[in-house]
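Colleague: I am new to this structure and would enjoy a guided tour of one part of it. Could you take a close look at the empty space inside with me?

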2 protein chains.
Amino acid sequence: MDRPKRRATRPEALLEKLRAAIEDGRLPPGARLPEEKLARALDASRARVREVLSLLANERLVELQTNRGAFVAKPTVEEARHICEARLMAERTTARLAAERATPDAVRKMREMVAEEQIAWDSDDVRNAVAKSRGFHRAIAEAAANPVLADILASLLSRSALTQAVYAARGAAGCLCHDHSALIDAIEAGDPDTAEAAMKTHMDNIISRLDLEPLAQEVDIEDALRDTL
Amino acid sequence: MDRPKRRATRPEALLEKLRAAIEDGRLPPGARLPEEKLARALDASRARVREVLSLLANERLVELQTNRGAFVAKPTVEEARHICEARLMAERTTARLAAERATPDAVRKMREMVAEEQIAWDSDDVRNAVAKSRGFHRAIAEAAANPVLADILASLLSRSALTQAVYAARGAAGCLCHDHSALIDAIEAGDPDTAEAAMKTHMDNIISRLDLEPLAQEVDIEDALRDTL
DNA sequence: TCCATTCGGATTGTTTACAATTCTCGCGCC
DNA sequence: GGCGCGAGAATTGTAAACAATCCGAATGGA
């Protein structure tokens with residue numbers, strides 16, 4: 001019963017495709033998401049697209065405006081800070097648990113991800129490099145052997161991708177592979193404290209490369225133009 | 001334009017109603033959720049009910065079986081452990097942040113919740129008491145002033161309610177108000193370390209009152225009956 | 001020339017009906 | 001009496017049509 005009759009995309013695959021497109025910036029923050037075009041592009045019914053959009057809205061990856069349609073979410077500075085804070089929490093715990101539970105196989109996967117990330121960086125394939133970086137963090141979550149925690153972290157990683165797209169300082173996207181290596185070493189050594197500390201410095205690095213201060217998110221028109229009158 | 005013409009329930013209100021019903025056990029784990037009956041009971045269209053069910057499935061509060069319908073989720077022992085672990089993480093961070101940021105108003109709300117919880121306990125209204133207990137934890141999350149974190153915790157609280165419904169040791173549901181008071185004191189004093197510690201012991205208490213060991217979740221029929229043959 | 005208004009196209013929201021699958025109950029057979 | 005089988009009912013999955021709303025362009029007037 002595996003004949004190619006299975007036209008169209010299954011619901012979860014559909015969601016995954018859209019999420020991936022948003023995560024690596026092919027659909028940038030603020031982009032419009034017309035139901036019918038999505039349906040055609042993904043070979044699905046409009047109803048299904050609608051459902052997927054509703055799901056993504058619940059994850060705060062898209063914003064649903066009544067009677068106006070769906071848009072890729074565009075986090076405010078405020079929200080970006082909250083996401084970073086939550087992610088710091090999740091990443092630290094994940095690193096600690098991974099150090100306690102990681103199997104050799106899981107460690108191998110992490111190193112693999114970092115290697116692929118490095119290759120992508122070397123060939124200036126930023127999009128792919130950032131994707132591999134996410135893959136690395138997901139690999140850690142897998143090693144932590146807690147699907148609930150992994151889901152939380154995955155969601156925060158997705159939203160982080162959005163904040164990076166909006167607030168990344170010029171030319172400074174993505175992680176530093178050096179940090180990654182130190183992290184893996186601590187996890188492989190089974191040292192939770194060191195792993196957590198390494199993750200903390202890693203996250204500090206990531207956050208410090210964000211431009212959360214200077215952007216005036218919403219300007220008051222009157223204020224802005226008062227002295228030009 | 002506020003005339004009562006607004007028949008039926010708005011989508012988010014709908015979701016909230018269902019979630020609440022699941023949280024406080026009016027819809028117990030494993031319960032069937034026929035779309036049409038829900039639609040009638042909530043005065044909504046079937047399409048909308050469908051969408052809400054899909055949302056709740058994404059939160060793992062209901063399980064969606066293709067062609068078979070929706071059921072209130074019934075966490076396995078494994079999953080229950082994972083939820084507890086994740087919740088411990090979220091609660092500790094929340095308590096710490098609340099201690100750093102709580103306003104007098106927020107503290108007042110916490111005390112209010114605890115008081116109402118105590119009243120409910122005294123009148124043997126278990127369901128209401130547990131609900132107030134959740135409200136208390138939510139109040140802390142609000143004081144932590146991080147909506148992202150608050151959403152994560154809220155989701156984990158919902159799922160915790162499910163695990164409690166399945167695995168709570170006989171007659172030992174809910175939190176201990178004594179713990180709550182100590183926690184609030186630490187938060188009010190603005191002492192993050194003490195608050196986090198208090199929350200940790202509180203969570204340890206909650207978890208220790210769960211029966212996660214003895215239940216054989218899925219029995220192998222052959223094994224179970226081998227020596228009776 | 002600029003602004004307000006209105007009309008048409010496009011997109012979203014909702015309902016309806018229909019197709020497919022599963023469950024239940026009753027019948028016949030072993 | 002118990003088991004398997006099959007028809008009917010009930011429920012879910014899907015698609016299509018309709019209604020409501022919003023956006024943009026063209027028109028008319030100041």
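Which residues line the largest cavity?

Modeller: Happy to walk you through it, and please keep in mind that this is a predicted model. The lining of the largest cavity is made up of Cys84(A), Arg87(A), Ser160(A), Thr163(A), Gln164(A), Met203(A), Ile206(A), Ile207(A) and Leu210(A). Three helices of chain A, namely α4, α7 (147-167) and α9, give two or more residues each to this lining. Sorted by class, the lining has five nonpolar, three polar and one charged residues. The space they enclose has a volume of about 50 Å³.

There are two cavities of 30 Å³ or more, and the second largest one has a volume of about 40 Å³. To find it, turn to chain B, where Cys84(B), Arg87(B), Ser160(B), Thr163(B), Gln164(B), Met203(B), Ile206(B), Ile207(B) and Leu210(B) form the lining. At least two of the lining residues come from each of α4, α7 (147-167) and α9 of chain B. By class, the second largest cavity is lined by five nonpolar, three polar and one charged residues.

It helps here to look at how the two chains are related. A turn of 180° with a shift of 0.0 Å along the axis lays chain A on chain B with an RMSD of 0.0 Å. This is the relation of a two-fold axis. Moreover, 100% of the interface residues of chain A are also interface residues in chain B, so the copies meet through the same surface.

Now compare these cavities with an open space. The second largest pocket has a volume of about 880 Å³. It is lined by 32 residues, and those closest to its centre are Met89(A), Thr93(A), Met89(B), Arg92(B) and Thr93(B). Both chains take part in this pocket: α4 (77-101) and α9 (192-208) of chain A, together with α4 (77-101) and α9 (192-208) of chain B, are the elements that give two or more residues to its lining. The lining of the second largest pocket divides into 14 nonpolar, three polar and 15 charged residues.

So, to retrace the tour, helices α4 and α9 of chain A contribute to the lining of the largest cavity and also to that of the second largest pocket. In chain B, α4 and α9 supply residues to the second largest cavity and to the second largest pocket as well.

Conventions
Residues are numbered from 1 along each chain as its sequence is written. Chains are lettered from A and ligands numbered from 1 in the order in which they are written. This is a predicted model: local features need pLDDT of at least 70, side-chain atom pairs count only at pLDDT 80 or more; totals for chains, interfaces and linings use all residues. Side-chain values use heavy atoms; hydrogens and water are left out. On a 1 Å grid over the protein atoms alone, a cavity is a set of points where a 1.4 Å probe fits but cannot get out, and a pocket is an open set with protein on both sides within 12 Å along at least five of seven lines; lining residues have an atom within 4 Å of a point. Grid points are joined across faces, edges and corners, and a volume is the space filled by probe spheres set on the points. Helices (H or I, at least four residues) and strands (E, at least two) are DSSP runs, numbered from the N terminus. Ala, Val, Leu, Ile, Met, Phe, Trp, Tyr, Cys and Pro count as nonpolar, Asp, Glu, Lys and Arg as charged, and the others, Gly among them, as polar. Copies are superposed by least squares on the C-alpha atoms of residues with pLDDT of at least 70 in both. Contact means heavy atoms within 4.5 Å.
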